[in-house]
Amino acid sequence: MRRLAALIALPAALLLIGADEPQLVPDVSQRDVEIQYSFTGADLLLFGAIVYPDGRSPEKPADIVVVLKGPEQSITMREKQKVAGIWVNADEAQFRSAPSFYAMASSRPIDRIVDERTAAIYELGVDKLQLSPSSLNESGELSRFQAGLVDLRARSGLFVERPGTVEITDGVLYRARLPLSARVIVGDYTAETFLVQDGRVVAAAVRDITVRKSGFEQFMASAAEHWSFVYGLVAIAMAVGMGWAAGAIARRI
């Protein structure tokens with residue numbers, strides 16, 4: 001009987017403990033992003049509220065970190081070297097779970113909010129991403145290839161960090177803006193919000209975002225996927241027709 005009573009009391013105790021922790025009520029300005037021929041990117045607003053158990057914010061302000069992450073990809077990074085005057089592929093490294101897009105904003109610099117271990121657990125920062133290398137490179141080589149991947153995607157606007165840009169009003173309401181690059185791929189994205197107090201993540205919440213093609217781009221993508229043979233024939237016919245038209249115009253000129 002005592003064991004049964006303990007088993008019954010344990011979930012209730014856990015609920016009471018959880019009730020003492022603050023909660024997040026997040027949202028995002030766009031949950032459905034459409035990519036058309038004129039798509040030049042989007043500016044997403046991530047906002048929400050912090051709900052404290054007693055209704056009052058603590059004396060020491062909490063911190064907020066928001067992370068916008070795209071679908072994971074398997075990617076191979078290659079390093080080129082010049083051999084006998086010719087550039088050839090030399091070393092390479094493979095990563096199984098590189099995010100196609102990653103953007104992060106925080107109320108303060110990450111190193112002032114959490115320690116290295118906590119940042120690595122929650123992947124707070126591009127240098128803390130767990131890319132799951134599948135190749136047998138040495139740790140030094142993997143670090144070099146990971147740094148190269150981060151640099152390439154940062155220059156393409158696919159990896160973004162904006163420390164100190166999350167605005168917190170009255171210790172309760174927060175908001176942050178993160179750019180969505182025009183080079184993003186279609187798929188399911190996640191907007192994660194973390195509430196940090198005294199270096200500890202005390203609450204987290206997720207909102208889903210869908211990035212999809214629409215209009216003519218969606219039609220072309222569906223045609224290429226479902227009617228690949230017809231799509232190929234039409235593409236060849238269009239290329240030949242445009243080449244013939246360009247030649248005809250050039251002869252007249």
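**Exercise 1.** In this predicted model, decide whether Phe 159 is buried or exposed.

*Solution.* The relative accessible area of Phe 159 is 6%. Buried means under 20%, so Phe 159 is buried.

**Exercise 2.** How many aromatic pairs are there? Classify the pair of Phe 101 and Tyr 189 as stacked, tilted or edge-to-face.

*Solution.* Step 1: the count comes to three aromatic pairs. Step 2: in one of them, Phe 101 and Tyr 189, the centres are 6.4 Å apart and the planes make an angle of 55°. Step 3: planes under 30 degrees apart would be stacked and those over 60 edge-to-face, so this pair is tilted.

**Exercise 3.** Which parts of the chain does the pair of Phe 101 and Tyr 189 tie together, and is each residue buried or exposed?

*Solution.* Step 1: Phe 101 is in the loop between β6 (86–99) and β7 (102–106), while Tyr 189 belongs to strand β11 (residues 187–197). Step 2: the pair therefore ties together parts 88 residues apart in sequence. Step 3: Phe 101 has 0% relative accessibility and counts as buried; Tyr 189, at 1%, is buried.

**Exercise 4.** Classify the pair of Tyr 102 and Phe 159 and locate both residues.

*Solution.* Step 1: the centre-to-centre distance is 6.4 Å and the angle between the planes is 80°. Step 2: an angle over 60 degrees counts as edge-to-face, so that is the class of this pair. Step 3: Tyr 102 is in strand β7 and Phe 159 in strand β8 (residues 159–163), which puts them 57 residues apart. Step 4: Tyr 102 is buried, at 0% relative accessibility.

Conventions: Residues are numbered from 1 along each chain as its sequence is written. This is a predicted model: local features need pLDDT of at least 70, side-chain atom pairs count only at pLDDT 80 or more; totals for chains, interfaces and linings use all residues. Side-chain values use heavy atoms; hydrogens and water are left out. Rings of Phe, Tyr and Trp (its six-membered ring) pair if their centres lie within 6.5 Å; planes under 30 degrees apart count as stacked, over 60 as edge-to-face and the rest as tilted. Helices (H or I, at least four residues) and strands (E, at least two) are DSSP runs, numbered from the N terminus. Buried means under 20% relative accessible area, exposed over 50%, partly exposed in between (1.4 Å probe, protein chains only).
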